[in-house]
Amino acid sequence: MLIGIKCMLMRGGTSKGAYFLADDLPVEQVARDRVLLAAMGSPDPRQVDGVGGAHPLTSKVALVSKSTLADCDIDFLFCQVVIDKPMVDTTPNCGNILSGVAPFAIERGLIAAQDPVTRVRVRTLNTGTIAELLIETPGGHVNYEGSARIDGVPGTAAPIAIDFLDAAGSVCGSLLPTGNAVDVVAGVECTLIDNGMPVIVLEAKSVGRTGYEPRDQLNTDMELKARLEEIRIAAGPLMNLGDVRDKVVPKIALVSPPMHGGHVSTRSFIPHECHASIGVFAAVSVATACVLPNSPGSRAARVPDGRVKTLSVEHPTGEFSVRMEVGGTVDQPVIERSGLLRTARLLFDGTLYVPSAAFATQALREAAE
């Protein structure tokens, strides 16, 4: 027997995911994860028996509900459904999938749209991070068409402005979990940082690469991948993440001087595959690392002057602009606010079917055995 669940497939930023009302899924985590695995078709490298796209960027889920906080509108749980393992990781944030949460909430009637724009405050339950999203809603309806362009997505769409209000330390407990702008990890100078996403930032040349290699070349560079995993495993405990062998965080960003008129060039690993572009929170964390004096990021980047900075983060398919307000002093900068521009598009709204056995609670499964 199959059970149907209301589902929207949406592109959020440079990712794609299945969006559900949290109330439509089991409360028990084990049963919820079984449903999500069945929905996406994991574990299977093709995800042929589900709606996952057989890639980390298209095997994502958003669980959305009205917020339990008085000063927030929506609660959002991000789920990274691992492709080849029966695992659902709720450790990280995802700013790309976040960009589709406000349109989804309006489409599902969780909040009322205003005319001409609607401001939605979203709490990401994974980390407690709060963001404000500004959505175009002329006549009280979500607008998906417009002239905003983001690299990594064909065509144009309506802009979605996102301001992160308290992203620093959302996963690791502090912006710099070791208290240092520079740490030597497995013999390499790194910045261990969390401004919405735990990221290890290191100069590409420190691992014998230029940082300009094509993504496909890096994905087949087994020597490099083994070295990066050595660094990642060593950094896990330093970042308050423990053993990270089976976690999708921390990510790794190789940085080098910009090549195409931006402020820094990146190759982002998520964590075992080189990203076609760079994730939202990873870009924010990398941009933040670049303003820290004497850090690997600052040595590679050409950081603009001024209290309000827009850093163009180059990646394999274009660039990602991060807007930052930086206070404090030159020697001890303080990131007061960070934001960016994304787009989203509704792709499908309907009913997704999964086997009924996936919904069984642990107690029922034990009773059946």
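## Exercises on loops, strands and burial

Asn-240 sits in the loop between H5 and S12; helices (H or I, at least four residues) and strands (E, at least two) are DSSP runs, numbered from the N terminus. The model is predicted: local features need pLDDT of at least 70, side-chain atom pairs count only at pLDDT 80 or more, and totals for chains, interfaces and linings use all residues. Residues are numbered from 1 along each chain as its sequence is written, and side-chain values use heavy atoms, with hydrogens and water left out.

### Exercise 1: positive phi

Task: State the sign of phi for Asn-240 and for Gln-47, and decide whether Asn-240 and Gln-47 are buried or exposed.

Solution.
- Step 1. Most residues other than glycine have a negative phi, and most peptide bonds are trans.
- Step 2. Asn-240 is not a glycine, yet its phi is positive, about 65°.
- Step 3. Gln-47 also is a residue other than glycine, and its phi is positive, near 50°. Its place is the loop between H1 and S3.
- Step 4. The classes are buried (under 20% relative accessible area), exposed (over 50%) and partly exposed in between, with a 1.4 Å probe and protein chains only.
- Step 5. Asn-240 has a relative accessible area of 52% and is therefore exposed. Gln-47 has 1% and so counts as buried.

### Exercise 2: cis peptide bonds

Task: Give omega for the peptide bond from Ser-42 to Pro-43 and for the one from Ile-270 to Pro-271, and locate Pro-43 and Pro-271.

Solution.
- Step 1. From Ser-42 to Pro-43, omega is near 0°, and the bond is cis. Pro-43 lies in the loop between helix H1 (29-40) and S3.
- Step 2. From Ile-270 to Pro-271, omega is near -5°, and this bond is cis. Pro-271 belongs to the loop between strand S13 (264-269) and helix H6 (280-290).
- Step 3. How many of the residues of H6 are buried? The count is 11 of the 11, so H6 is largely enclosed by the rest of the structure. Among them are Val-280, Phe-281, Ser-285 and Cys-290.

### Exercise 3: strand pairing

Task: Determine the sense of pairing for S2 with S3, S4 with S6 and S6 with S7.

Solution.
- Step 1. Two strands pair if DSSP finds at least two bridges between them.
- Step 2. Strand S2 (residues 15-21) and S3 run parallel and are joined by five bridges. Tyr-19 has Ala-62 in S3 as its bridge partner. S3 (residues 60-66) is mostly covered, with five of its seven residues buried.
- Step 3. Strand S4 (residues 74-81) pairs with S6 in the parallel sense over three bridges. Here Phe-76 is opposite Thr-124 in S6.
- Step 4. S6 and S7 are antiparallel, with eight bridges. Arg-121 faces Glu-132 in S7 as its opposite residue.
- Step 5. The hairpin of S6 and S7 has four residues between the strands, and Gly-128 takes a positive phi near 85° there.

### Exercise 4: two loop residues and their contacts

Task: List the contacts of Thr-127 and Asp-246, leaving aside neighbours within four places in sequence.

Solution.
- Step 1. Contact means heavy atoms within 4.5 Å.
- Step 2. Thr-127 is in the loop between strand S6 (117-124) and strand S7 (129-136). It touches Thr-91, Asn-93, Ser-170 and Val-171.
- Step 3. Thr-127 and Thr-91 are 36 residues apart along the chain, with 7.7 Å between their C-alpha atoms.
- Step 4. Thr-127 is buried because its relative accessible area is 17%.
- Step 5. Asp-246 is in the loop between helix H5 (222-238) and strand S12 (251-256), and its contacts are Lys-85 and Met-87.
- Step 6. Asp-246 and Met-87 are 159 residues apart in sequence, but 9.1 Å apart in space, C-alpha to C-alpha.

### Exercise 5: the whole chain

Task: Compare the radius of gyration of the chain with the value for a compact globule, then give the buried share of its residues.

Solution.
- Step 1. The radius is taken over C-alpha atoms, and the globule rule is 2.2 Å times the number of residues to the power 0.38.
- Step 2. For 369 residues the rule gives a value near 21 Å; the chain has 20 Å, which agrees.
- Step 3. The C-alpha trace spans about 60 × 50 × 35 Å along its principal axes.
- Step 4. Of the 369 residues, 56% count as buried.
- Step 5. Among contacts between residues at least 6 apart in sequence, 64% join residues at least 24 apart.
- Step 6. The secondary structure comes to eight helices and 17 strands.
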